[in-house]
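Hi,

Here is the structure I said I would pass on. Could you have a look at it, and then read my notes below?

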Amino acid sequence: MQFPPVTANENLCIRCSLAPVCLPEEERLVPERDCNATETESTAGEPKSAIVKKTPTLFPSLRQKQTLHVCTPKARIGRSNETLVVTSEDENRKEVKQTVPIQDIDSIVIHGYAQITTQAIHLCAYHGVAVQWMSFSGKFAASTAASPGRVQQRIRQYSALQDEPTRL
C-alpha cells in the first residue's frame, strides 16, 4: 500500500484523523537523500551504477491487518460468530450488509453517528481490536485501547530517528 506524500502545510495535519497512520511529524524529520549507488548489470555484462532514491519507511512494511472505517450515517456494526457485520443503507434505502472477519481487522474507526453493538465490542476486545469514535469533522470522541503497542511503536520510531545509521 502506498501512502501519498506528506504535505508541507503542517496546519492541514492538526485535525486529520489519519495522522496516526500517515505519521507526518516523523516524515518531516527525516530528510530526503539519495542512497548509495547500487550495482546492476548492463546488457554487456559490465556493472552499471544507478542512483536510487529511497523514501524512509517508518511504519511496518507488511501490515497484516487493516483499519475498518465506518463513515455512513445510520450504519450499524454487529457480530455474527467470528465476523463483524456492517449494515447500512444504499441510496435507494435498501439494506446492505458487509461481513469482515475479525482476524483481518486491526482497529475500527467510527465516524459520525454509526453504531456498534455490545456483542461486537466484546468480540473486538477479545481479539485486541481497538474501537475509536470520531465526529464527522474528525474530532476524537472516545476509544477502547487494545494494547500499548502503538505507544511502543512511536517510541521505537523516535529512537530510530536518533540513531545516525538508521536515520540515514
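Let's start at E82, which is partly exposed, with a relative accessibility of 34%. (Buried means under 20% relative accessible area, exposed over 50%, and partly exposed in between, using a 1.4 Å probe and protein chains only.) Before going further: this is a predicted model, where local features need pLDDT of at least 70 and side-chain atom pairs count only at pLDDT 80 or more, while totals for chains, interfaces and linings use all residues. Residues are numbered from 1 along each chain as its sequence is written, and side-chain values use heavy atoms, with hydrogens and water left out.

Back to E82: what does it pair with? It forms a salt bridge with R79, and the closest N and O atoms lie 3.8 Å apart. R79 is partly exposed too, at 40% relative accessibility. The rule here is a side-chain nitrogen of Lys or Arg within 4 Å of a carboxyl oxygen of Asp or Glu, and by that rule the count is 1 salt bridge. In general, side chains of opposite charge can pair when their charged atoms come close.

Now the overall picture. The chain has 5 helices and 10 strands. Both are DSSP runs numbered from the N terminus: helices are H or I with at least four residues, strands are E with at least two. Of the chain's 168 residues, 25% count as buried. Its accessible surface comes to about 12,200 Å², and 53% of that belongs to carbon and sulfur atoms. (These areas come from the Shrake-Rupley method with a 1.4 Å probe; for residues, only the protein chains shown count as cover.)

How are the strands arranged? There is an open sheet of 4 strands in the order β6-β5-β4-β8, with mixed pairing. β6 and β8 (115-116) are at the edges with a single partner strand each, so each has one side without a neighbour in the sheet. Two strands pair if DSSP finds at least two bridges between them. β5 (residues 83-89) and β6 (residues 95-101) run antiparallel and are joined by 7 bridges; L84 has V100 in β6 as its bridge partner. These two strands make a hairpin with 5 residues between them, and R93 in the turn has a positive phi of about 60 degrees. β4 and β8, on the other hand, run parallel, with 2 bridges joining them, and R76 stands opposite Q115 in β8.

What about the cysteines? A search of the whole structure turns up 0 disulfides (pairs of cysteine sulfur atoms within 2.5 Å). C71 is partly exposed at 44% relative accessible area, whereas C124 is buried at 1%.

One more spot to look at is S137, in the loop between β9 (130-134) and β10 (140-144). S137 is exposed, at 64% relative accessibility. Its C-alpha atom is 8.4 Å from that of R15, although 122 residues separate the two along the chain.

Finally, confidence. The chain's mean pLDDT (the predictor's confidence in each residue, from 0 to 100) is 76, and 70% of its residues reach 70 or more. Confidence is lowest in strand β1 (residues 38-41), with a mean of 46, and highest in strand β4 (residues 76-80), at 94. Over residues 33-42 pLDDT stays under 50, and the model has 23 contacts (heavy atoms within 4.5 Å) there beyond four places in sequence. Residues 49-53 also stay under 50, with 13 such contacts.

Cheers
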